[in-house]
Amino acid sequence: MKKIIGTVVVLGLIAAGCASTYVSEEQREAQALAMMKASFKVNGQATLDRLDQDDMQKMCSRYHGDNKMPKDVGDKLEKDQQALIKYPADGKYLGDWKSGERIAQSGVGKQFSDNPANPNGANCYACHQLSKAELAYGTIGPSLYNFAKVRGYTPQMQKYAYGKVYNSQAFSACSSMPRFGHSGILTEAQIKDVVALLMDPESPVNK
Amino acid sequence: MARTIGLMAALFTLALAAQAQDKSVVEEIEKYRAALGDGNPAELWEARGEDIWKQARGPKKASFEKCDIGLGPGVVKGAYTVLPKYFADSDKVEDLESRLVTCMVTLQGLTPEQAKKDVFGGPGKKSDLEALVAYVTGSSRGIKMNVAATHPKEVEAYEIGKRIFYHRGGPHDFACSTCHGDDNLRIRLQDLPNLSKLADAQRAYTTWPAYRVSQGEVRSFQWRLYDCFRQQRFPELEYTSPASIALTMFLAKNANGGVYNAPSIKR
């Protein structure tokens, strides 16, 4: 009897030992979030809830590098994000490309060092080539030079461009691009201006 | 003054280059960076840091010469290359800046608030911590990064730091990995190191802290993380917070084997 109890105790200790050394991915993510909550502080508009993740952010944090996202997870993510896009009620997608160029150049907005009273930028040039004149462009995203000249000046393409700027995740799961409309970075009018920069035949992007 | 003129000339060259083709822009930036490497004002921070290190300070009138920053009390040479690490006396994983604050509190008798009064320098405000960081890191030049990450708390810090690196959040859905998780990326004209790859991780980690020409300050690794998270649209990272140290553990260990060479000079 004593021997049995002893065995049970030993097995229990082994189980406890395993439990304390093996940490699942979900537990690590929870540890990281808890640690971040204890390590950041509110500064102006940048509040602590910015550390919390929606489903897209959670899944796209988990899968990276060789750990590829399963296709069904990616497909569902895109479908869920598609449903969140709000297209303009007036059915018009094109604004003013000149204003769009200013928005594409501006990198301000949503940082704790930014004044929330000022309009946000989209900083498109940080990641994309757009007009030929601007040489200081980044390469995180593809070149958008001649965007509509190549793809066509069609209403379908205008709608696609609007949706892509509004919520990039709806078209490409785990894209690096911010969801400018979904996350309230740009207003509807601003997105139309950016779409005009891409789609207007007079825009330098299509020259 | 000669240096200022040199810098102005380099900047002017850079401006001219903007009219040339893209490839030559990148080449001109390389020239500008090479010009910067010729004489680094960080030396002034290093010299001031050495003075502070040796001064008797605080209510307990103690210098840092009994402070253990990784290789035993008072050992400065090479210490930065083993950080972050677990320290039994504080029962925490600490990076250099956390450890300096710990010594200010335990050895010199300052309150944590006093120790962390001026963590970053600015116009008309000198930071003793930045100077100390410059001195200590400068004493590891030429030594290979050698972060152990074997103590259970070090392993935990590394694993959590890795998740923080990939944690997408905020209004822009950015994670560290958004800009630093792929090869040969550029934001505007700035090259971005892929911190998940050995060569890039080594090159990046071993060149911080840096004298930032655009700011006229030596910037520490804690500052680098603080300002990355600002641009990531996250809330404000607290100085020497657990998340900052866990992330540093992830990045420092990934740079193991790289030859340390900082404070450097960056644009």
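These legends walk through several close-ups of a predicted model with chains A and B.

**View 1. The largest nonpolar core and its best-connected members.** This core has 71 residues, and V136(B), A246(B) and M249(B) are the ones touching the most other members. Helix α11 of chain B, residues 242–254, puts in the largest share, eight residues. Zoom in on M249(B) and, leaving aside residues up to four places away in sequence, you'll find P84(B), V93(B), A149(B), E154(B), A157(B), Y158(B) and G161(B) in contact with M249(B). There's also a second, separate core of 34 residues, and its members include Y93(A), Y166(A), C179(B) and L185(B).

**View 2. Helices α3 and α6 of chain B crossing.** Here α3(B) covers residues 42–54 and α6(B) covers residues 128–138; their axes come within 7 Å and cross at roughly 100°. An angle from 65 to 115 degrees counts as roughly perpendicular, so that's the label for α3(B) against α6(B). On the α3(B) side, look for A42(B), W45(B), E46(B), R48(B), G49(B), E50(B), I52(B) and W53(B). Facing them from α6(B) are D128(B), E130(B), A131(B), L132(B), A134(B), Y135(B) and G138(B). Sorted by class, this contact has eight nonpolar, two polar and five charged residues.

**View 3. Helix α10 of chain B and what it packs against.** Running over residues 221–231, α10(B) has F221(B), Q222(B), W223(B), L225(B), Y226(B) and F229(B) buried. Those buried residues pack against α4 (96–106), β6 (217–219), β7 (236–237) and α11 of chain B. Just past the helix, keep an eye out for R233(B), which follows α10(B) and has a positive phi, near 70°.

**View 4. Where chain A meets chain B.** Chain A brings 42 residues to this contact and chain B brings 39. On the chain A side, the elements giving two or more residues are α2 (25–37), β1 (40–41) and α3 (55–62). Of these, α2(A) gives the most, with six residues. By class, the chain A side splits into 20 nonpolar, 16 polar and six charged residues. Strands cross the boundary too: two bridges join β1(A) to β7(B), and the two run antiparallel. For one pairing to pick out, take F40(A), whose bridge partner in β7(B) is L237(B).

**View 5. Two cis peptide bonds in chain B.** Most peptide bonds are trans, but this view shows a pair of exceptions. One joins L83(B) and P84(B), with omega about 0°. P84(B) sits in the loop between α3 and β1 (85–87) of chain B, and P84(B) is also among the contacts of M249(B) from View 1. The other cis bond joins W208(B) and P209(B), again with omega about 0°. For P209(B), look in the loop between α9 (198–205) and β5 (210–212) of chain B.

**View 6. Two asparagines of chain A with positive phi.** Most residues other than glycine have a negative phi. N123(A) goes the other way, with phi near 50°, and so does N146(A), at about 60°. N123(A) is in the loop between α5 (97–105) and α6 (147–151) of chain A, and N146(A) also lies in the loop between α5 and α6. Are they buried or exposed? N123(A) has 21 C-beta neighbours inside 10 Å, so it counts as buried. N146(A) has 15 C-beta neighbours inside 10 Å and therefore counts as partly exposed.

Notes
Residues are numbered from 1 along each chain as its sequence is written. Chains are lettered from A and ligands numbered from 1 in the order in which they are written. This is a predicted model: local features need pLDDT of at least 70, side-chain atom pairs count only at pLDDT 80 or more; totals for chains, interfaces and linings use all residues. A nonpolar core is a set of buried Ala, Val, Leu, Ile, Met, Phe, Trp, Tyr and Cys residues joined through C-beta atoms within 7 Å. A residue is buried if 20 or more other C-beta atoms lie within 10 Å of its own, exposed if 12 or fewer, and partly exposed in between; C-beta atoms are placed from the backbone. Helices (H or I, at least four residues) and strands (E, at least two) are DSSP runs, numbered from the N terminus. Two residues are in contact if their C-beta atoms, placed from the backbone, lie within 7 Å. Axes are lines fitted to C-alpha atoms, for helices over the stretch in contact, and angles run from 0 to 180 degrees between N-to-C directions. Angles under 35 degrees count as roughly parallel, over 145 as roughly antiparallel, 65 to 115 as roughly perpendicular and the rest as oblique. Ala, Val, Leu, Ile, Met, Phe, Trp, Tyr, Cys and Pro count as nonpolar, Asp, Glu, Lys and Arg as charged, and the others, Gly among them, as polar. Two strands pair if DSSP finds at least two bridges between them.
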